[in-house]
Structure formats: structure tokens, C-alpha cells
Amino acid sequence: MSRNYHNLTSYYNYYYNAYDSYRNGERRVYKDFKYNYTLPLPMLLFGERGVSDMVSSDMERTLNKCTALLAKHSITVKPKRKNGSLSSKEKEFYNRYEYVRWAQESWLLVGKAHTWKGDLSKAQMAFEYVIRQFPNTTTWYEAQVWLARVEILNGDFISAGDRLKSVDAKRRKPTDRQFNHLLSSTWAFYYLKQHNSNEAIPFIKRAAEFTNYKAERLRYTYLLAQLQQQLGNTTEAIELYDRVMRMGPPYEMAFSIRIQLIALSNMKGEDLKRELLKLASDEKNKDYLDQLYYTLGNMEKQEGNMDKAIEYYLLSARLSTTNDNQKGMSYLVLADHYFQKSEYAKAQAYYDSSFNSLDASFPGYAQLETKTRFLTNLVENLNIVSTEDSLQRVAAMSPKDRDALIASIIGKLQEEEQKLKAQEQADQMQSQIYMQNQRFRSNSEPQGGKWYFYNPASLSYGQSEFQMKWGKRKLEDNWRRKNKGVSDFENIASGGLPSDSAANPQKQLSNTSPEFYLVNLPFTDSLKQISNQKILTAMMRIAEIYQTDLNDSKAAKESYKKLSERFPDASEAATAIYRMYRIAADEGNSVEAEGYKIALLSRFPSSPYALILSNPEYIKELTVKENEANSIYETAYGLYLQGNFSEAAKTLKSGMGKVKGTDMEPKYLLLDALCQSKTGDLRTFKESLEQVALTFPKSEQGQVAQNLLTYLEQRDLQLSTGKVSIDVPVVSVSSDSISTSIYTKPEGEHAFVLLVPKRTNINQLKFNIITFNVDNFIEMDLALNSVPLNDFVEVVSVTGFQSADIALSYYKLITRDEKVFADFNRAEFQAFLFSTENFNRFMNDKSIPDYSRFFKENYSVDN
């Protein structure tokens, strides 16, 4: 009775609604998902861009219902066994983990809902739970296949393939249409994700045969047609496209099929184009013209008419109203065209537009991102050179010519503003007339209570009100702003000046004031020098991008040549000439390479590049020096490992001159600092680490030094008690690396000091010390204070001792009093005595180990 009750109520109160919401989410995707018909359609839709957002609310409701079902109706307690022997069916019953069928189904539905939402880790856990708890059931087989789908989405094709083969090999697997569709579609998904169309086609056919949903059958058949078309099987492709048309596809799919059928027909040349252009004249096709013009562009490109092809590709991108992927593909073809022609500025603009339009799942998206980044970097540096050149050119003008130029720019701006104001006034006038007409019409025509956006009168009224306030505005980002940016200072050749960044003082000025155009001009020698340095850096980066990122040796040589001619005395000019030499040598142009060699030797005879070319043994000699430096370092490191720190430091010192300015220098300095940690005081060690960290911040050794400094700061208290590996032993008088102590002979007034961790209950500790003072030193005028030493240690001090001897007596008595430290871990505390002068120095130095050594040498605390 209990099981029957829970099965009944769990289904009708929870599972039915959960599954209904799940199917609603699937139907929503099948209806609203926008396909890119230029590329092969996706086999399965989860994992595609935007799908998780479409189904989020439905799948969330599914998860809530399933979770409630499992919480209220799951039965995992085994029923009481009957007496006597059990049949095999009864044994199977008693071995179940779950006794409510819909709880078992809910676990599977939870995994499927998470898959649609894109929460693959949660989906995987749900499917693995089903596989573990419900073996030899239909649910188990379904969970195996769904888990394979998750593994495919994660790119784990080996695990997915093994899992699908294992399910396929099971003789007891379900044979109904639903499971056959599930398995076939997953196999097709598996092969398509690995770009193996030939293996996928048989499984797509089986999936189309077994599916119960028209939307899936349409998609599968269209995908089959696309794959056959890609493989060159025109007859099969035409037959499949015709089959889709007979199924009654959505209008967009039917339009795409008409384009493909025309392209695959026997028509040639102008007849084919004319037939395609007929489709463009139909008003119903205005939202799908991007596909049509893209196809026309491809045809013109194949025939070698690139100018006409560009026109069609631009039309395709401009008329793409709903399909960002199609727009991105049109831009991509244009970008590739200009890239091949080495017109990198145009190529960058189109690559950037393509990258921002295409989905991340687009084939070659990662390579597109890399190329876009390289070209963006190139164009940014080209703009720096252009901008700084223009600024210098304007700064060099006579005041009269410069003022005339600025006045002409301001005049153009004011003329444009007048035109915009006149247009806005005309728009407002037209909008008011239109609004009056619409009001009259809305009062004379019944509207039937339509929703606002289905009510033409209300919609027109709202539109006219908008235009009356804002004027005609294009649908784009920042539509509220009439001017998306202030007037750019263009190149002088076109009569303008380049603009500066947003952080510029220009931001505070109006672009119709002359001062706006003067603030960034390099009038002084120092400003011109800064401008030239920007140009030099940008020119070098431009040449490097051409050479290494874009593999355009011709453009690289031209850029290096411009740099060496414009900045003939700069050290970068030597680098530029040497790189031109290397490019020419790699191309086998020995005459050109020899010319660069002569130029380098004559202009920069002492540069490393000249030494390399003039002395064939230079590299060998340099290698010998590096090997010698490495040998010295290895010897010193060996001595360090053996514990012979003084000898290691001496060895490093002997080779320090050989590594100055080389990559070995930070290695030498870091090892020398580590030697000092063993032979000197901690303060010197820290100073050496700081030198390495500050001088070589980007080197591996600089980062190690910085990490050590952080570590020492955090563990200061533990260092003093010897709880870490870096200890600072007492330095003998004969030590070669002894560092002079900052502390003076302990005389005069003294203080007793406890160093405690910040987490300590300071108030309780103070109370215990005050109690101790009252009990033992009530006649003395002692003061108790606490101040932080650093982020981890607190200083608790007792002051008022007139001499070191009195303080020493106090020290010995309080450190042996168990009541003072009864509430604390005594091992975490460190007790010291300080003279007033030494305490001030300690608070500045903050090195606990250094003072610990000084304290042990100067105070007899063990007697």
C-alpha cells in the first residue's frame, strides 16, 4: 500500500509536471533556435550557443519538481523478508535500491535537465548515480548513453566511444524506437564532433528513421543533405533537399533549400544568378537575404570576379538581421581576402567584426582569435605612429597655419551640428503630424483590446512619441548619444589631427574650442622626445609582428628599414639591421645580406650583432664565458648544499664580475643571499632578498626572493622559536660574513616584552599580567601596553624597570609563573628584555631572530 501510494502521488503530483516542463523546454528550443544554414546543422542542440538560456526556466522547474519528489516519495528501506526460500524474481525485488519507480526516473531526468542547462558536472554526477544504483534497468541504459553525450561535450571522446560500444554490445539493451533514436543520434553526435562525416551518415539516417518528432526529422534530413553536398554527392543531396521540402519545413529552412537546389541545378552563369536574384525580390525573404547574397558572393569569387563578390559579401553582412553567424562568415571571407593581399588594416577590421559575430563553436574559431589579436596589435601600433607623426607635424606648423587648420575643423563640426539640428527639427515636425493622424485613426477604429505590440495604433503612437523626443535613431549601442565620440584628429593629409585617449585633458574641453586641439601637441623638446620614443617602440613592434606573427618577411624588412633610417643612432637600429640581415640570409639572398652586414659593421661596430658577424668565434667565446659562469655557480651551489656557506659566498664573489648584466646575475645574487641567511643576520638576508626582488622583478629568481620575503614576514614569530627551516645561527667573531649588530649594550631603563600571535586573547593576557604584578611587584610603578609588530605578531610590554638586573629578576619570575600562561599555549610566546634604546631600534627593524641572538648573548636568563 505504501509503495502504491508513493508511486501514484509521485507521478501525478511531481513527475508528470517535471517531465511536461522538460518537454516544454525541448519544444521551445526546436521552435526558437536560429540555425546557420550555411554550415552543417548541429546534430543535437544542447551545448549550442543560447540554448541554455532558452531552457533555463523550464529545466529549473523540472529540477525543483524532481528534487521535491525524491525528498517526499523516495523509498530505499527494504521491505520485511518473507519466510522460506525466495524466487529469483523475489531476490531481484529485495535487492533493489529504490522501490518507487518515479524516483528512479527522476534521477535520470535531473541529469538530462542539467545537460540542457549546460551544468555538465552536475549532469555527470546524476547519470553516474543512476548507473551505480539501478543496474540492469532501462534507466541504466539511458543513463549510459546520456553520460556518453556529456563526455562528448567535454571532449572526452575515448571514454564516450568505449561507453557507447559497451552499450551496443549488450544483448539485453532496449529495442524500442525511443532508445534506438537515443543511441543512433549519440553515435552520430560522436562522429560529427570529430569531423568524421562518413562514419556519421549511417547513424543520422537511423536517427531520422526512429525519431518521433518532426523538428528532429527535418534537422537530421537537412544535415544529411548538407553532408552529401560537401562530399560531392550532388544527386543524393538534391534528393534529400527535396525530401525535406515535402516534409513542410519552416520558411527559413525552405528558403535555404531553394538556394541550395538552384546552386546544385544544371543552370550556369548568369541564368543561375538571375534565378537567385528573383528570390531577393520577394518581400517574404527580406530576413534571409544574407544567405542569398553570401551564395552569390561565393559564385562570383569562384569565377574570379572579386570586386562583385565583395559587393555581395558586404550586402550579406549588412542585411543579416537575425543571423550573427552568417554575418560573421561574410566578414571572414572579406578578412581573408584582404589578408592575402597584405592589406592588414582592412583585414583587421573585418577579422574583428567576424570574431565578435561568430559563435565560439565555429570551426577554426581559436585560429581566428589568434589572428585577430595579432592584427589588432599591429593596427594599434600603426595608429600610434600615425597619431604621433600627425601631432608632431601640427606642432611644427606656424601659429597662423595651425590656428587656420583648427578653425577649419571647428567650422566643419559646427556645420555638421547645424545639419543635425535641422534634421531633428524636421523629424519632430513630421512626428507630430504623424502622431495626430494616428490618434485620429485610433479613435475611429476599434482595437479589440490587443496587446500593445500587436496593436498598430498604439505601436505607431509610441514610435512617434519616441521620434519626437529622440529623432530618428539607428538601432545600435549608445543610441542616446548623437556623437559617439569627439571629432577625431585624422592624418594631416586629410586635414585633421589625431585624438588622444579618454584620460587626456581633452575630456574636460569642448571639441569646438581651440584649446581642445592644442593640449597634446609636443611643443617642447622633452615632449617631442617622448613622442619619438613612442614612435620608435611602435615601429619596432610593427616589424616584429610582421616577421614573427604574420610571417610577412617583405613587410618586416620594409618596417625595419624605415626604423633604421628614421632613428639611425638608436640601439634599435642595430637590431633592425641585423634582423634584415637574418631575413635576407634565410631567403638565400647573399648579396642583400652582405649589404646589411657591411652597414651594421660600419654604423654599429661595437654592438653584439656586429661582434657576431665580424668574429666567427664570438658566439663560441661567449659560450665559453657562459660555461665558466655556470661552472662557478655549480661549484658554489655544491658548497652551499654541503653546508660550507662561507666558501660558497667567496666562490660567488669571484665570478660576480663575469655575470654582470647577464641572465646569470640574479642567480648569483639569490644564492649569495641564501648563503647570508646561514652566515649573517636576518636583516642582511632580507636586504639581499629585497635587492634581487627589486632589481629583477620579472625573473624567476626575483619572484623567489619576493616569495621568501613574504614568507619571512608571515613567519617572523616562528622564526624566532626555530620552527622553520631557515634558521639564523649565532655568528662567531671569526666569521667572514659577520654583520654589525644594530643593538647597543643593554644599560639604563628596561622593559619586559612578550611577543605573541595576533589571534591571542590580549585582554585576558593583560589581566593575568596585571594580577601577577599586583601579587609580586605592587610597590613598583609598572605600566602595561600592547602594540602590533606586524600583521601577525603583537608586542605586550611591561615598562618601569630602572635597571637590567631588576628587569632580569622580573623576567625569571614571570616566565616560571604557570598562572600567567594558564589559558594560553606557552610555546607560541617569546619573552625578551629590552633597554629603552634597543626597544626603539627593534620596533623599527622588526627582526625577531636578530634580537633573539642579541638577547641570548647579553642576558643571563638561564641562571
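1. Four helices, α6 (138-153), α8 (177-193), α10 (214-230) and α16 (324-340), each contribute at least two residues to the lining of the largest pocket. The model under discussion is a predicted one, and the points below should be read accordingly.

2. The volume of this largest pocket is about 960 Å³. Its lining comprises 33 residues, and those closest to the pocket centre are L39, P40, P42, E48 and S361. Sorted by class, the lining consists of 18 nonpolar, nine polar and six charged residues.

3. Two asparagines merit attention for their backbone geometry. N136 has a positive phi, about 60 degrees, although it is not a glycine. The residue sits in the loop between α5 (120-133) and α6; α6 is also one of the helices that supply at least two residues to the lining of the largest pocket. N136 counts as exposed because its relative accessibility is 64%, where the cut-off for exposed is over 50%.

4. The second asparagine is N551, with a phi near 55 degrees, again a positive value in a residue other than glycine. N551 belongs to the loop between α21 (525-549) and α22 (553-566). Its relative accessibility is 64%, so N551 is classed as exposed. As background to both asparagines, most residues other than glycine have a negative phi. A reader checking the backbone may therefore wish to view the loop between α5 and α6 and the loop between α21 and α22.

5. On the surface, I770, V774 and I778 make up a nonpolar patch whose accessible area is about 290 Å² together. V774 is placed in helix α32, which spans residues 762-776. How is V774 classed by accessibility? V774 is partly exposed, because its relative accessibility is 46%, and this class covers values between the limits of 20% for buried and 50% for exposed.

6. L296 offers a buried counterpart for inspection. This leucine is part of helix α14, residues 289-302. With a relative accessibility of 0%, L296 falls under the 20% limit and therefore counts as buried. Which separation is found between the C-alpha atoms of L296 and K273? The two C-alpha atoms are 6.9 Å from each other, while L296 and K273 are 23 residues apart along the chain.

How values were computed: Residues are numbered from 1 along each chain as its sequence is written. This is a predicted model: local features need pLDDT of at least 70, side-chain atom pairs count only at pLDDT 80 or more; totals for chains, interfaces and linings use all residues. Side-chain values use heavy atoms; hydrogens and water are left out. On a 1 Å grid over the protein atoms alone, a cavity is a set of points where a 1.4 Å probe fits but cannot get out, and a pocket is an open set with protein on both sides within 12 Å along at least five of seven lines; lining residues have an atom within 4 Å of a point. Grid points are joined across faces, edges and corners, and a volume is the space filled by probe spheres set on the points. Ala, Val, Leu, Ile, Met, Phe, Trp, Tyr, Cys and Pro count as nonpolar, Asp, Glu, Lys and Arg as charged, and the others, Gly among them, as polar. Patches are made of residues with over 30% relative accessible area and no salt bridge: like charges are joined within 9 Å, nonpolar side chains (Val, Leu, Ile, Met, Phe, Trp, Tyr) within 5 Å. Accessible areas come from the Shrake-Rupley method with a 1.4 Å probe; for residues, only the protein chains shown count as cover. A salt bridge is a side-chain nitrogen of Lys or Arg within 4 Å of a carboxyl oxygen of Asp or Glu. Buried means under 20% relative accessible area, exposed over 50%, partly exposed in between (1.4 Å probe, protein chains only).
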